[in-house]
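Me: I have a protein in front of me and want to understand how its pieces fit together. Show me the model, and then I will ask my questions.

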Amino acid sequence: GLSAGDGFKQALADALAGDLKGEENSTLEKALETAKAAPVFMYTWSSSPACKNACAALDRINVKYSVFELDKPWDEGNRIRAVLGRHLKKTSVPMIFIGGQYVGGYSDGPDGDENAPGLVPLAFDGRLRAMLKDAGAL
């Protein structure tokens, strides 16, 4: 489940998303399909330091990636963030996908999810480059 801090963040994401009018499933399906459209895909905010760091780290090793900025426009982005946050058990950005698989954010992921520890832990664990190669991003 969600930790106490994530519960507040999820509640805030839900409030910002507004009434989804039964569109949760279709919004989630579309967001997950979109995340499979590129070898590496990130949901970001344009002003987020963690998002900027993730892009810079991937640029450093010449990774091909695509980005969807959740703050352009906010109304659509808030809905996507809310449904993805509930599904992934983490609302923070960036939300990074490699080969369509959620791997966490820049420096961490959902508590206890060893498959989604974040970009930096994957690099330090020696798993990142193989994942990027398998996805066709390197």
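**The sheet**

Me: What order do the four strands of the open sheet have?

Reply: The four strands (DSSP runs of E, at least two residues, numbered from the N terminus) form an open sheet with mixed pairing. Two strands pair if DSSP finds at least two bridges between them. The order is S2-S1-S3-S4.

Me: What kind of model is this?

Reply: Residues are numbered from 1 along each chain as its sequence is written, and side-chain values use heavy atoms, without hydrogens or water. Local features need pLDDT of at least 70, side-chain atom pairs count only at pLDDT 80 or more, and totals for chains, interfaces and linings use all residues, because the model is predicted.

Me: Which strands stand at the edges, each with a single partner strand?

Reply: An edge strand has one partner, so one of its sides is left without a neighbour in the sheet. That applies at both ends of the order S2-S1-S3-S4. The edge strands are S2 (66-69) and S4 (101-104).

Me: What does the twist average from one strand to the next?

Reply: Take the open sheet, with its order S2-S1-S3-S4. Go from one strand to the next, and the twist averages 25°.

**Around strand S1**

Me: In which sense do S1 and S2 pair, parallel or antiparallel?

Reply: Strands of a sheet pair through backbone hydrogen bonds, and both senses are possible. S1 (residues 40-44) runs antiparallel to S3 (residues 95-98), with four bridges joining them. S1 and S2 also have four bridges, but their sense is parallel.

Me: Which residue in S3 does Met 42 stand opposite?

Reply: Met 42 has a place in both pairings. Towards S2, it stands opposite Val 67. In S3, Phe 97 is already the bridge partner of Phe 41. Met 42 stands opposite Ile 96.

Me: Which residues point the other way from Val 40, Met 42 and Thr 44 in S1?

Reply: In a regular strand the side chains alternate between the two faces of the sheet. Val 40, Met 42 and Thr 44 point one way from S1. The other way point Phe 41 and Tyr 43.

Me: How many of the five residues of S1 are buried?

Reply: Buried means under 20% relative accessible area with a 1.4 Å probe, protein chains only. Val 40, Met 42 and Thr 44 are buried, and so are Phe 41 and Tyr 43 on the other side. S1 is mostly covered, and the count of its buried residues is five of five.

**The helices**

Me: Which helix lies across S1, S3 and S4?

Reply: Helices here are DSSP runs of H or I, at least four residues. H2 (residues 24-35) lies across S1 and S3, at about 135° to S1. Angles run from 0 to 180 degrees between N-to-C directions, with axes fitted to C-alpha atoms, for helices over the stretch in contact. At about 65° to S3, the helix across S1, S3 and S4 is H6 (residues 128-135).

Me: Is Asn 78 buried or exposed?

Reply: Asn 78 is found in helix H4. Its relative accessibility is 11%. Asn 78 therefore counts as buried.

Me: Which residues is Asn 78 in contact with, leaving aside its neighbours within four places in sequence?

Reply: Contact means heavy atoms within 4.5 Å. Start from Asn 78 in H4, and skip neighbours within four places in sequence. The residues in contact with Asn 78 are then Ala 13, Leu 16, Ala 17 and Leu 70.

Notes: Buried means under 20% relative accessible area, exposed over 50%, partly exposed in between (1.4 Å probe, protein chains only).
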